[in-house]
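Me: Hi, I'm new to this one. Could you walk me through it while I look?

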Amino acid sequence: MKALSQKRRHPLAVIALLLMGLLVTGGLYAVATTVNEAKASTTSYSASDTAEGEKLFEANCATCHGMGASGTQDGPSLVGVGAAAVDFQVGTGRMPMQMNGPQAYKKPAQFNEEQTHQLSGYVASLGAGPAIPEEHLLDEKGDAAAGGELFRVNCAMCHNAAAAGGALTRGKFAPALADVSGKHIYEAMVTGPQNMPVFSDANVSPEGKRDIITFLKQIESNGSPGGADLGSLGPVAEGLFVWIAGLGVIIGFTIWLTSRTS
Amino acid sequence: MSAASTAEAPAFVAKTKTGRITDFVDARVGGSGILREFGRKVFPDHWSFMFGEVALYSFVILLLSGTFLTFFFDPSMAETHYAGSYVPLKNVEMSVAYSSSLNISFDIRGGLFMRQVHHWAALLFVASIAVHMLRVFFTGAFRKPREMNWVVGSVLLILAMAAGFTGYSLPDDLLSGNGLRIIDGVIKSIPVVGTYISFFLFGGEFPGTAVIGRLYMLHILLVPALILLMIVLHLFMVVVHKHTQYPGPGRNDGNVVGYPLGPVYAAKAGGFFFIVFGVIALMAAFFTINPIWNYGPYDPSPVSAGTQPDWYIGFVDGALRLMPGVIGDFHFEYVVFGYTLTLNVLLPALVPAGILFTVMFMYPWIEAWVTKDTREHHVLDRPRNAPTRTAIGVAGFVWYCVMWAAAGSDLIATHFHVSLNDVTYWLRALFFIGPVIAFVVAKRVALALQRKDREIALHGRETGRIVRLPHGEFIEVHAPLDEYKRYKLVGFESPAPLPAVPNEHGIVTRKEKRRAFLSKWFFEDRVAPATPAELEAAHGHHGHPAVGSAEENKSLSH
């Protein structure tokens, strides 16, 4: 990156930029027209992956998402959602959906890793979309402090500053982020599952996302320096605790102190 | 002792060195006289009388732990980059106030423990004041001669809330900054002068660079000084009025039955201080409170989910959450003479709290006016024996709790998997009908308990022993109560409604009519205590002549 920015005033930079622009436009056009070849992913899917994925899809997902994932009244089209969306939804057990409702709940995954991979390959083959993130973005070695700032500005209003989760309207909610893998966090940011907005690479750069994951993993592994965290839910949990446990114990003592040996 | 007699009497010389020192001090400060007076002060024993003490001890703990915190806290809002040992905030830009709070938490020995002691003690302080006030209200301890002390206690509650709020804002973390922003919004919603007050308080536009330092001065100087002053007044009046007591045999408005302060009660109270200290210390050691490192430095742009004030401000926050922005096409914001009037902030922030505190301050006088009761009361009412007062208290309590719950509406929604909107709609409905239902239910429960008491006083306790009589009838044997237990069930007053009476000009004023109406509302439904005659008749009927003569009953029922 640094080398690139230092050479940005090179005489050939304009030509390079022009070339790049043409390539990107052409590439996007090619992607849009030839859906079967589109793969914006570094994870490679073999033809057999895609074929197996298609079978799995037709058996388990097509009821709602339609044949060829073109969507029905009960489920949206999955053309162009990308491998990342499938990996997140299926990998966290949200899909297949437990029941209709405001939001899909996380549950034990229905498909093993290989099947999830095949499903992702099939959906990715239908149209270009966000790919499964590369390993180096998930190494949890970013800048936790910078990630914390990004998290507070972009995520904390729904997920809570301590990532303990929060309520949204009409039964929807932002889940707590403890025990969510870095890969799934990254995929959620780029695909915007359920009611979450998409944080594209223009909003939060891949390095920024890496920082956020680093921050979340660090506060998770740090534990709570001050003792039991009462769910990290803030003053409501603290107030409940002081009324029930604090005053409760003290009332016990007052009864003991004023009891008479009879 | 006159000067002459001192000269004649041989000077007292203590035998031991300690004795001589004690005598020296006593001769100069008159300690033995004070000790004699206070040592004989009698305090009745009941667990519900100890919450005032809990509040007092929490306050002492607050002073001690707070002093420790002032050694290391710097209320400056100057910008700095964090250089302490908490990695997830390393080099983040923040105020010196937040940085020093983090240093107290992570880099000063015992700092985090002291912070948590201070905060838990603060929550317990206000909670114990609240429970203490509920006890005073429901037992009628606010009646003559203690009305003034009730007012002082109410002022103490408000001061405790003020102390809590000013302290909550000091660390300058995201949570407290959000809270301060809400207060700023409420201040700005005051018609005409709101924006001026806000600019004065914050030294310019929110957040400015002055407010933490100002709140700090209020928090460590003015508010604690006022609390101390009020505590002195409060305790002084307790000494003057003497303590109230629950009704019981041998207890009346002219005496106090209990233990003297010295030595038993002093030992109990002193020990209780350490128990309260211990409970707070255990909470501080094992349970985190206000983890400011989670929230990050204050920055006006982010607002975290689950942002709430500490519990005692919660009801105001809840009222704000319950207020709809618009109802259909009706909106709450007007521009009057060029000033914006935002009723959807002003109404919920100030009106419920205003009603609550006004009724709280006025209640002793309201009840005295309705009952025309000018006597002194030192014997308490059992809550069931004042059904309407109990019902008013429960209605107010429920109203408060609805607003309180609304402050946690988001957590109710996430933890019970229900819709946040539905929680809000239900709480809005309960805000209006909850107190009414609570009033009716509490009054009926109180009356039912009174009827049960009366039943037991007249017919004794059900033993569960079924006896078959020679002619085949089955009866359950009722065991008569002993006199002490029966006294509790019959020794109370049940005032009847006082009809309107004309004044000295022979006119029934409108005010008097209103009073008579309220008196009827208060005392219309009543269960009179069993009279001696009724007791005698009942016992005679059951053929228990040994239970007690009519004479005994007479002395017991008053």
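What follows is a chat that goes from chain B as a whole to its details and then to chain A.

Me: Before we start, what kind of model is this?
Reply: It's a predicted model.

Me: OK, chain B then. How many helices and strands does chain B have?
Reply: Chain B has 21 helices and ten strands.

Me: And what does the C-alpha trace of chain B span along its principal axes?
Reply: About 90 × 85 × 65 Å.

Me: What percentage of the residues in chain B is buried?
Reply: Chain B has 558 residues, and 37% of them are buried.

Me: What about contacts in chain B, how much is long-range along the sequence?
Reply: Take the contacts with a separation of 6 or more: 73% of them join residues 24 or more positions apart.

Me: Let's look at helices. How do α14 and α15 of chain B sit against each other?
Reply: Helix α14 (residues 343–371) and helix α15 (residues 387–406) of chain B have axes that come within 12 Å and cross at roughly 165°. That angle is over 145, so α14(B) and α15(B) count as roughly antiparallel. The crossing is left-handed.

Me: Which residues make that contact?
Reply: From α14(B) you have B:Pro352, B:Leu356, B:Val359 and B:Glu367, and from α15(B) there are B:Arg389, B:Gly396, B:Tyr400 and B:Met403. Sorted by class, that gives five nonpolar, one polar and two charged residues.

Me: B:Gly396 caught my eye. What is the C-alpha separation between B:Gly396 and B:Val436?
Reply: Their C-alpha atoms are 9.6 Å apart, while along the chain the two residues are 40 residues apart. B:Val436 belongs to helix α17 (residues 420–459) of chain B.

Me: Is B:Val436 buried or exposed?
Reply: Exposed, because B:Val436 has 12 other C-beta atoms within 10 Å, and a residue with 12 or fewer counts as exposed.

Me: Switching to strands. How do β9 and β10 of chain B pair?
Reply: Strand β9 (residues 461–468) of chain B pairs with β10(B) in the antiparallel sense, over five bridges. One of the bridge pairs is B:Arg468 with B:Phe474 of β10(B).

Me: What's between the two strands?
Reply: The hairpin of β9(B) and β10(B) has five residues between the strands, and B:Gly472 in that hairpin takes a positive phi near 105°.

Me: How many residues of β10(B) are buried?
Reply: Zero of the six residues in β10(B), residues 474–479, are buried, so the strand lies largely in the open.

Me: Any odd backbone spots?
Reply: A bit of background: most peptide bonds are trans, and most residues other than glycine have a negative phi. Here, a cis peptide bond joins B:Phe206 and B:Pro207, with omega about -5°. B:Pro207 sits in the loop between α9 (194–202) and α10 (211–241) of chain B. In chain A, the bond from A:Met95 to A:Pro96 is cis, with omega near -5°, and A:Pro96 is in the loop between α5 (82–91) and α6 (113–126).

Me: And which residues other than glycine have a positive phi?
Reply: Among them are B:Phe337, with phi near 50°, and A:Asn160, with phi of about 80°. B:Phe337 is in the loop between β7 (333–336) and β8 (339–342) of chain B, whereas A:Asn160 is in the loop between α8 (156–159) and β1 (166–167) of chain A.

Me: Are those two buried or exposed?
Reply: A:Asn160 is buried, because 25 other C-beta atoms lie within 10 Å. B:Phe337 counts as exposed, because it has 7 C-beta neighbours inside 10 Å.

Me: While we're in chain A, how do α9 and α10 of chain A cross?
Reply: The axes of α9 (residues 182–191) and α10 (residues 206–222) of chain A come within 10 Å and cross at roughly 135°, which makes α9(A) oblique to α10(A). The crossing is right-handed. A:Gly182, A:Ile185, A:Tyr186 and A:Met189 of α9(A) make the contact with A:Lys209, A:Ile213, A:Leu216 and A:Lys217 of α10(A).

Me: Last topic: how many residues does each chain put into the A–B contact?
Reply: Chain A gives 52 residues and chain B gives 55 residues. On the side of chain A, the largest share comes from α11(A), with 17 residues. By class, the chain A side divides into 30 nonpolar, 17 polar and five charged residues.

Methods
Residues numbered from 1 in each chain as written. Chains lettered and ligands numbered in written order. Predicted model: local features only at pLDDT ≥ 70, side-chain atom pairs only at ≥ 80, totals over all residues. Helix = DSSP H or I, 4+ residues; strand = E, 2+ residues; numbered from the N terminus. Buried ≥ 20, exposed ≤ 12 C-beta atoms within 10 Å, placed from the backbone. Axes fitted to C-alpha atoms, helices over the stretch in contact; angles between N-to-C directions. Parallel < 35°, antiparallel > 145°, perpendicular 65-115°, else oblique. Left-handed = near helix turned anticlockwise from the far one by under 90°. Contact = placed C-beta atoms within 7 Å. Nonpolar A, V, L, I, M, F, W, Y, C, P; charged D, E, K, R; others polar. Pairing = 2+ DSSP bridges.
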